[in-house]
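Visitor: I'd like a close look at a single part of this model rather than a tour of everything. Could you pick one stretch, stay with it for a while, and then show me how its surroundings fit in?

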Amino acid sequence: MSGKSRARSRVPQQRAACVFCGSNGPLTEEHVFGDWLRKLGYTGEGLREWSVDGVSVQQKGGPFSKKLKIVCTRCNTVWMKGMEDSAKPLLVEMFKSNRVELNEAAQRDLARWAFKTVVVSSHVDRQAGRIPTVHRRAFHQTDEPPLGTVVRIGSASVPREQLGENLASCSYKPRPMQATLDDGRVIDVSAYTGRIRLLNVVFDVFGYASPDPSLRVHNELPSEVERALLQIWPVEHPTIWWPPVETFDTFGGLSGFELGEQWRVLPMIN
Ligand SMILES: [Zn+2]
């Protein structure tokens, strides 16, 4: 009798789904930043900083040892491993502050890596919003950042702080919006911004998932910020050179970049 009541009171165990493909796993531990960074020698005491809705959480510890259990074995060991392997040689060249030529394939490789890393890093804080499921699934299905995503790349210096060098930082911010269509209907648009700084390399990911495909949302940036970013997705130019003319230091790093942002909704031109 007592055994039965215990069984009834037990909360059914729900297996968490892979954030990318949606399968029931089993889930494996995934590094927020690839383990290859730790193997490059960035093993010392660092500073992890997670910024959620403008509130920054700093943790002392190796920034590249942080792991999350949100991805299935198949996605982690094959698909995402491929993204790390493609982006690694490009990022390593950038860490040396060399000028790096980015052809179309390189822009795509870096954009995929940035989108993947924004999805993973947005799960560091359980309270943070999530990249819309439709975008995570589309990313997995098409193997490219989904429609309605813009990925840009920039540069910044590695800040020295009290606890040590701040080797990497991430921020994720849901930006729910409402848009008025031509027929007067008001619809909800799930827009978001994810940003990553890995050593001296900065990525800005803007995306939106709208229930109405005729809607185009454009993330308009002040001209001085535009000068610090190069668009790598969707690919606009067959070849670009990193870094851009301006660095993020001009705006006080990732947090300074938040200032002066404007949002504009554009109708799609047929
Ligand atoms: Zn998966």
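Guide: Quick bit of vocabulary before we go in: helices (H or I, at least four residues) and strands (E, at least two) are DSSP runs, numbered from the N terminus. With those labels, Pro 211 sits in the loop between strand E11 (201-209) and strand E12 (215-220), and I'll come back to it. Keep in mind that this is a predicted model. The protein chain has seven helices and 15 strands, and 49% of its 270 residues are buried. Among its contacts with a separation of 6 or more, 70% are between residues 24 or more positions apart.

The part I'd zoom in on is helix H3, which covers residues 73-95. Its buried residues are Cys 75, Asn 76, Trp 79, Met 80, Met 83, Glu 84, Ala 87, Leu 90, Leu 91, Val 92, Met 94 and Phe 95. For reading a list like that, it helps to recall that an α-helix has 3.6 residues a turn, so residues three or four places apart point the same way.

Glu 84 is the name in that list I'd click on. Its relative accessible area is 8%, and Glu 84 counts as buried because that is under the 20% limit. Beyond its sequence neighbours up to four places away, Glu 84 touches Gly 34, Trp 36, Trp 113 and Lys 116.

A few residues further along, H3 bends: there is a kink of about 40° at Lys 88, shortly before the proline Pro 89. At the far end, H3 is followed by Ser 97, in the loop between H3 and strand E5 (100-103). Ser 97 isn't a glycine, yet its phi is positive, near 60°. Its relative accessibility is 57%, and Ser 97 counts as exposed because that is over 50%.

Now for the company H3 keeps. The largest nonpolar core has 55 residues, and Phe 20, Phe 33, Leu 91, Leu 102, Leu 110 and Phe 203 have the most contacts inside it. H3 gives the most to this core, with 10 residues. One way to see the core from outside the helix is through Phe 203: apart from neighbours within four places in sequence, its contacts include Leu 91, Leu 110, Trp 113, Val 151 and Ile 232. Another core lies apart from the big one; it has 10 residues, including Val 189, Ala 191, Phe 206 and Leu 215.

Next door is H4. Two packed helices are described by the angle between their axes and the distance between the axes. The axes of H3 and H4 come within 9 Å and cross at roughly 115°, which means H3 is roughly perpendicular to H4. The crossing is left-handed. On the H3 side, the residues meeting H4 include Trp 79, Met 83, Glu 84, Ala 87 and Leu 91, and on the H4 side their partners include Leu 110, Trp 113, Lys 116 and Val 120.

Helix H4 (residues 104-121) has a second helix partner to look at, helix H5 (residues 133-142): their axes come within 12 Å and cross at roughly 140°. That angle makes H4 oblique to H5. This crossing is left-handed, with Arg 112, Phe 115, Lys 116 and Val 119 of H4 against His 135, Arg 136 and Phe 139 of H5.

The loop between H4 and H5 holds His 123, which is buried at 11% relative accessibility. Outside four places in sequence, His 123 contacts Val 19, Leu 68, Ile 70 and Arg 130. Past H5, in the loop leading to strand E6 (149-155), you find Asp 143. Asp 143 has a positive phi of about 65° despite not being a glycine, and with a relative accessible area of 24% it is partly exposed.

Back to Pro 211, as promised. Pro 211 is exposed, at 63% relative accessible area. Leaving out neighbours within four places in sequence, Pro 211 is in contact with Ile 187 and Asp 188. Pro 211 and Val 189 are 22 residues apart in sequence, with their C-alpha atoms 7.3 Å apart. And if you're checking backbones, two peptide bonds deserve a look: Trp 233 to Pro 234 is cis, with omega near -10°, and Trp 242 to Pro 243 is cis, with omega near 0°.

Methods
Residues are numbered from 1 along each chain as its sequence is written. This is a predicted model: local features need pLDDT of at least 70, side-chain atom pairs count only at pLDDT 80 or more; totals for chains, interfaces and linings use all residues. Side-chain values use heavy atoms; hydrogens and water are left out. Buried means under 20% relative accessible area, exposed over 50%, partly exposed in between (1.4 Å probe, protein chains only). Contact means heavy atoms within 4.5 Å. A nonpolar core is a set of buried Ala, Val, Leu, Ile, Met, Phe, Trp, Tyr and Cys residues joined through side-chain atoms within 4.5 Å. The bend at a residue is the angle between axes fitted to the seven residues ending there and the seven starting there. Axes are lines fitted to C-alpha atoms, for helices over the stretch in contact, and angles run from 0 to 180 degrees between N-to-C directions. Angles under 35 degrees count as roughly parallel, over 145 as roughly antiparallel, 65 to 115 as roughly perpendicular and the rest as oblique. A crossing is left-handed if the near helix is turned anticlockwise from the far one by less than a right angle, and right-handed if clockwise.
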